[in-house]
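These exercises look at one helix and its surroundings. Work through each task with the sequence and structure in view before reading the solution.

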Amino acid sequence: MKLILPAQDHFTATAIDMEPTAAELDQIEREMPVISAEVELLDAQIVTLDRLPNELDARRIRRARRKVLAARRELANQAETGDAA
């Protein structure tokens, strides 16, 4: 039986390819409020994995969801107006 394998040179990233470009870093910086809000929501959800959420947990999750939506809205508004800040 003959094995069919990809040519490693075409599929293996080099050290140069692994570094993000300046444009990618700028995009990550613009998306950081959304990323932080999503991490906060995930933290709130993780707390309730092994138990039923109490009222404080439910409020924390709702607040985190609103924060995610607000951050996404702000990012979308920036993209529509072309603002980079």
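## Exercise 1: a charged group at the helix start

Glu 55 has a relative accessibility of 48% and counts as partly exposed. The model is a predicted one.

Task: Find which residue the side chain of Glu 55 meets in a salt bridge, and which network Glu 55 belongs to.

Solution.
1. The salt bridge of Glu 55 is with Arg 62, at 3.5 Å from N to O.
2. A salt bridge requires the nitrogen and the carboxyl oxygen to be within 4 Å, and the pair Glu 55 and Arg 62 has 3.5 Å.
3. Arg 62 is partly exposed, at 39% relative accessible area.
4. A network of salt bridges links Glu 55 and Arg 62 with Arg 59.

## Exercise 2: the extent of α4

Task: Compare the span of α4 with the expected value, and describe what is found at its start and just after it.

Solution.
1. Helix α4 covers residues 55-81, which is 27 residues.
2. From first C-alpha to last, α4 reaches 39 Å, close to the 39 Å expected at 1.5 Å a residue.
3. At the start of α4, the backbone nitrogen of Leu 56 has a side-chain oxygen of Asn 54 within 3.1 Å.
4. Just after α4 comes Gly 82, with a positive phi of about 85°.

## Exercise 3: the buried residues

Task: List the buried residues of α4 and say which of the elements contribute two or more residues to the largest nonpolar core.

Solution.
1. Buried in α4 are Asp 57, Ile 61, Ala 64, Val 68, Ala 71 and Gln 78.
2. The cover over these buried residues includes α3 (22-47).
3. The largest nonpolar core has eight residues: Val 34, Ala 37, Leu 41, Ala 44, Ile 61, Ala 64, Val 68 and Ala 71.
4. Two or more residues of this core come from each of α3 and α4.
5. Ala 64 serves as an example: beyond neighbours within four places in sequence, Ala 64 is in contact with Ala 37, Glu 40 and Leu 41.

## Exercise 4: salt bridges between helices

Task: Say how many salt bridges the model has, and which parts Arg 72 and Lys 67 tie together through theirs.

Solution.
1. The count is five salt bridges.
2. Arg 72 pairs with Glu 38, with the closest N and O atoms 2.7 Å apart.
3. Arg 72 is in α4 and Glu 38 in α3, so this pair ties together parts 34 residues apart in sequence.
4. Lys 67 pairs with Glu 40, with the closest N and O atoms 2.8 Å apart.
5. Lys 67 is in α4 and Glu 40 in α3, so this pair ties together parts 27 residues apart in sequence.

Conventions:
Residues are numbered from 1 along each chain as its sequence is written. This is a predicted model: local features need pLDDT of at least 70, side-chain atom pairs count only at pLDDT 80 or more; totals for chains, interfaces and linings use all residues. Side-chain values use heavy atoms; hydrogens and water are left out. Helices (H or I, at least four residues) and strands (E, at least two) are DSSP runs, numbered from the N terminus. The expected span of a helix is 1.5 Å times one less than its number of residues. Buried means under 20% relative accessible area, exposed over 50%, partly exposed in between (1.4 Å probe, protein chains only). Contact means heavy atoms within 4.5 Å. A polar contact is a pair of N or O atoms within 3.5 Å; within protein, one must be able to donate a hydrogen and the other to accept it, and residues adjacent in sequence count only if both atoms are side-chain atoms. A nonpolar core is a set of buried Ala, Val, Leu, Ile, Met, Phe, Trp, Tyr and Cys residues joined through side-chain atoms within 4.5 Å.
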